[in-house]
Amino acid sequence: MNKKQLLKFIALTIFSTSVFASDTDAQNNLSQNIGKVKSVKILNEGLSITTENAQVILISYLPDVVRVRIARKLADDFSYAVIQYANKYFKNFVETKNDIKVETDSLYITIDKNPFRISFYNRKMQLLNSDYTAMGTTMWNDEITTHKKMFADEKFIGLGEKTGGLNRRGSSYNNWNTDKFAYPTDFDPLYKTIPFYIGIHDSLTYAIFLDNSYKTNFNFGASTDEQFMSYTCESGEMNYYFFGSATVAGVIEDYTWLTGRMKMPPLWSIGYQQCRWSYMSDKEVLSVAKTFREKKFPCDVIYNDIDYMDRYRVFTWSDEKFPNHKNYIKQLNDMNFHLAVIIDPGIAVADDYTVSKDGLAKNVFATYPDGKPLIANVWPGRCNFPDFTKPATRTWWENNFKGLVDDGVEGFWNDMNEPASWGQSLSNTVEFDFDGHKTTMKQAHNVYGMQMSRATFEGTKRLLNKRPFVLTRATYAGGQRYSAVWTGDNDAYDDHMLLGVRLVNSLGLCGFAFAGPDMGGFANDATKDLFQRWLSICVFTPFFRNHSMMGTRDKEPWALGEYVEPEARRQIELRYQLLPYTYCMFHAAVETGIPVARSLALNYTNDEKIYYGDFENEYLYGDAFLIAPCKSTEKFTKVHLPKGEWYRFNDDKKYKGDEEVIVESPVTNLPVFVKGGAVIPMQSIIQSTAEMPSDTLVLQVYYGQTSNTFVYYEDDGSSYDYENGNFYKREIKFDGEKKTITFEKAEGSYKTKFKYFKVLFHGFDEIQSIASSDGNGYYLLKGNPTKGFVKNNNQMNFTVTWK
Ligand code: MIG
């Protein structure tokens with residue numbers, strides 16, 4: 001640098017750091033780039049960088065999880081989503097005139113200095129993700145946007161409960177939790193905010209989580225010439241986590257490590273659930289419950305929607321409609337039903353209502369800037385709204401569940417917590433505690449439902465001293481720690497049913513493993529065929545609940561008449577036979593965050609066809625099943641079977657995989673396939689999870705030229721003792737090449753309820769022998785070479801071999 005250049009450099013540096021630059025930009029209303037890097041400081045867990053117009057912090061959480069914070073001025077660090085802390089994973093920091101380089105054991109990170117542009121590479125120096133060179137990060141008043149390079153073949157999946165296709169490329173989405181009755185199939189935004197997406201290009205995978213609860217927007221190249229994608233925060237910091245794991249499963253594991261995973265749900269909550277707006281009296285509910293038992297439709301849960309309350313006041317009962325509610329609940333329990341009740345956030349403003357008086361006295365409500373509680377109209381009339389972002393309010397809320405818990409309620413359904421009200425627009429000036437980081441509705445709105453479900457879960461878990469079932473409509477990233485979710489007020493037509501499948505699959509990619517739609521459609525009446533198709537899909541959906549709106553016709557599984565009844569019964573029975581398998585899949589979600597319903601993008605990420613409109617609804621239900629949902633009107637369906645060997649579930653017909661097939665799909669036979677090498681534990685038909693199945697667990701084993709480990713898991717289904725080792729876990733290893741099935745030793749202190757394994761072989765050649773590894777012969781091969789019984793002895797590993 002000569003003297004002239006040096007002077008120019010100094011002048012530029014002084015100029016660009018002075019307030020004039022930003023003033024000019026602010027005056028002309030244009031956006032301002034964060035600009036060049038001025039200085040870098042090394043922190044314990046990363047780097048602190050000052051640019052011309054912003055502060056940047058880059059810190060590591062895992063070798064493949066790096067966080068980027070950018071703002072004019074970084075504020076207090078606080079998050080409702082993240083439960084982990086930064087750690088020291090950065091190494092080999094190098095700063096040159098033009099860039100900054102730093103690495104972890106998994107990533108190389110480069111920051112161009114003039115101006116600030118960041119790029120992430122894997123250890124093979126393949127570019128995973130980088131800022132869009134022309135724009136990078138820009139600010140406009142309080143708004144901040146990061147622009148990322150979009151690769152030619154890049155696909156985007158995730159973002160939780162969002163309409164549209166599996167591949168989000170070409171679409172734009174907003175996050176502002178919204179109550180939209182009978183939402184059209186392209187409506188946005190819906191009830192939940194989960195700003196986590198996965199990018200796929202050049203056979204590489206990465207993910208980004210934008211942890212900002214203000215209104216945010218994701219534009220996946222919707223309005224550009226496909227050079228870049230961008231995400232924008234209306235206010236607050238640009239605060240994102242970059243995930244550099246090599247697979248979709250890997251980024252989901254890391255994301256759910258960061259934001260948490262669900263706990264084991266009560267076993268009964270994965271059975272069949274019956275809801276309706278509303279069963280109007282104790283007599284009506286009891287009669288529905290009796291009919292389930294008489295007609296032998298298995299069922300575990302029944303609901304009270306809003307009409308069980310006194311004038312819609314939460315934590316009360318209507319004396320008229322439920323005169324002796326304690327006894328009513330006992331009668332349900334005696335018939336092996338668990339009761340779930342709806343709890344809305346709006347607290348009626350009324351002098352004769354203890355919850356209101358107590359709440360006002362304890363200052364638990366969200367307030368206007370003048371200090372007075374927000375008032376809006378919803379079911380009970382004029383209501384105050386608890387500030388669930390305030391610790392004291394959460395404690396108050398938790399304690400309010402004592403009465404319900406004492407009466408025997410075990411399921412808690414949080415609705416209207418976007419928050420929703422008549423008119424659908426609460427003032428943005430409303431103030432919230434935000435756990436001591438006082439803020440307005442603008443920042444609190446999107447976490448409101450999550451914090452409500454948090455207090456509901458923590459309270460009922462403590463009071464019950466076992467697993468509650470909590471269901472919420474609105475939530476935010478990380479809400480999977482507290483609650484299952486349903487996809488709100490859907491509508492009874494085929495396309496909505498298929499949209500529901502995509503919503504559930506997308507929620508699964510983003511941490512929410514326990515999700516489902518209103519089976520049969522909430523608004524309007526399903527045709528018999530639609531009902532039947534929908535029911536058969538929901539057998540393979542993590543959350544299985546039949547629900548419908550006030551004024552629609554009855555929709556209990558017998559209500560649509562004889563045409564539907566036998567098949568509906570068979571479907572619900574299948575759900576119950578599959579419970580041991582489904583429970584294992586929930587266990588996987590608890591351990592790793594891998595969802596129960598898995599978009600094919602999870603396992604077959606680089607198979608182009610799975611993103612086609614014709615196939616984007618296909619998913620794996622756990623490790624074994626491939627479900628190809630189709631309309632009720634489709635008697636034949638085109639299915640894409642990815643690479644591998646497949647069997648049609650109903651008749652064992654074999655398919656070679658990596659092919660498109662046209663299969664029969666009457667409403668009585670949903671296209672369901674089983675992967676070669678799969679192990680599927682099934683039990684006998686029971687009417688509710690309170691009943692003991694027979695003592696033989698049937699393992700359906702499907703031949704495949706592959707190896708596969710199935711983790712069989714069981715626990716008491718209701719307590720948290722499994723966290724202290726009280727579970728039964730056993731690996732079942734299938735090896736198609738060595739021609740063995742090996743049962744490893746059982747782990748854990750829980751005693752399984754199954755005395756015997758019965759192995760059913762599908763697609764195998766002759767079974768040669770079944771022998772225990774210690775030679776003591778824990779086997780019985782009953783004449784029929786395709787069936788074997790094996791004694792379930794925890795202490796042994798034994799191996800089944802075939803020719
Ligand atoms: O304003 O509680 O999505 O499942 O049945 C409607 C009555 C309020 C909306 C929920 C729906 C529930 C209904 N609720």
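This is a guided tour of one protein chain, from the whole fold down to single residues. The model is predicted, and every selection below should be read with that in mind.

**The whole chain**

Begin with the chain in cartoon view, where the secondary structure comes to 14 helices and 51 strands. Turned along its principal axes, the C-alpha trace spans about 95 × 75 × 50 Å. The radius of gyration is 28 Å, which agrees with the value near 28 Å that a compact globule of 803 residues would have. Colouring by burial will show that buried residues make up 62% of the chain. If contacts between residues at least 6 apart in sequence are drawn, 69% of them join residues at least 24 apart.

Switch next to the surface, whose accessible area comes to about 29700 Å², with 49% belonging to carbon and sulfur atoms. Selecting the charged side chains brings up 90 positive and 98 negative charges, and the mean positions of these two groups are 3 Å apart.

**Aromatic side chains**

Now show the aromatic rings, among which a search of the whole structure finds 69 pairs. Select tryptophan 277 and phenylalanine 522, a stacked pair with 6.2 Å centre to centre and 5° between the planes. Tryptophan 277 lies in the loop between strand 21 (273–274) and helix 4 (282–294), and phenylalanine 522 in the loop between strand 34 (518–519) and helix 11 (528–538), so the pair ties together parts that are 245 residues apart in sequence. Tryptophan 277, at 15% relative accessibility, counts as buried because the cut-off is under 20%, and phenylalanine 522, at 4%, counts as buried too.

A second stacked pair to select is tyrosine 612 with phenylalanine 615, at 6.4 Å centre to centre and 25° between the planes. Here tyrosine 612 is partly exposed at 41% relative accessibility, whereas phenylalanine 615 is buried at 2%.

For a larger selection, take Phe120, Phe156, Tyr173, Tyr197, Tyr206, Phe218, Phe220, Tyr231, Tyr240 and Phe242, which form one aromatic cluster.

**Helix 11**

Return to phenylalanine 522 and follow the chain from its loop into helix 11. This helix is mostly covered, with nine of its eleven residues buried; the buried residues run through Leu530, Phe531, Gln532, Arg533, Trp534, Leu535, Ser536, Ile537 and Cys538. To see what covers them, display the elements that include helix 10 (494–509), strand 34, strand 35 (545–546), helix 12 (565–577) and strand 37 (619–621).

**Backbone exceptions**

The last stops concern the backbone, and the background is that most residues other than glycine have a negative phi, and most peptide bonds are trans. Go back to tryptophan 277, which is joined to serine 278 by a cis peptide bond with omega about -15°; serine 278 lies in the loop between strand 21 and helix 4. Another cis peptide bond runs from asparagine 114 to proline 115, with omega near 0°, and proline 115 is in the loop between strand 8 (107–112) and strand 9 (117–122).

Then select asparagine 141, which has a positive phi of about 50° although it is not a glycine. Asparagine 141 is found in the loop between strand 11 (137–140) and strand 12 (143–149), and at 46% relative accessibility it counts as partly exposed. End at asparagine 336, where phi is again positive, near 65°. Asparagine 336 sits in the loop between helix 5 (325–334) and strand 23 (338–343) and is partly exposed, with a relative accessible area of 28%.

Key:
Residues are numbered from 1 along each chain as its sequence is written. This is a predicted model: local features need pLDDT of at least 70, side-chain atom pairs count only at pLDDT 80 or more; totals for chains, interfaces and linings use all residues. Side-chain values use heavy atoms; hydrogens and water are left out. Helices (H or I, at least four residues) and strands (E, at least two) are DSSP runs, numbered from the N terminus. The radius of gyration is taken over C-alpha atoms; the globule rule is 2.2 Å times the number of residues to the power 0.38. Buried means under 20% relative accessible area, exposed over 50%, partly exposed in between (1.4 Å probe, protein chains only). Contact means heavy atoms within 4.5 Å. Accessible areas come from the Shrake-Rupley method with a 1.4 Å probe; for residues, only the protein chains shown count as cover. Lys and Arg count as positive and Asp and Glu as negative; His and the chain ends are not counted. The place of a charge is taken as NZ of Lys, CZ of Arg, CG of Asp or CD of Glu. Rings of Phe, Tyr and Trp (its six-membered ring) pair if their centres lie within 6.5 Å; planes under 30 degrees apart count as stacked, over 60 as edge-to-face and the rest as tilted.
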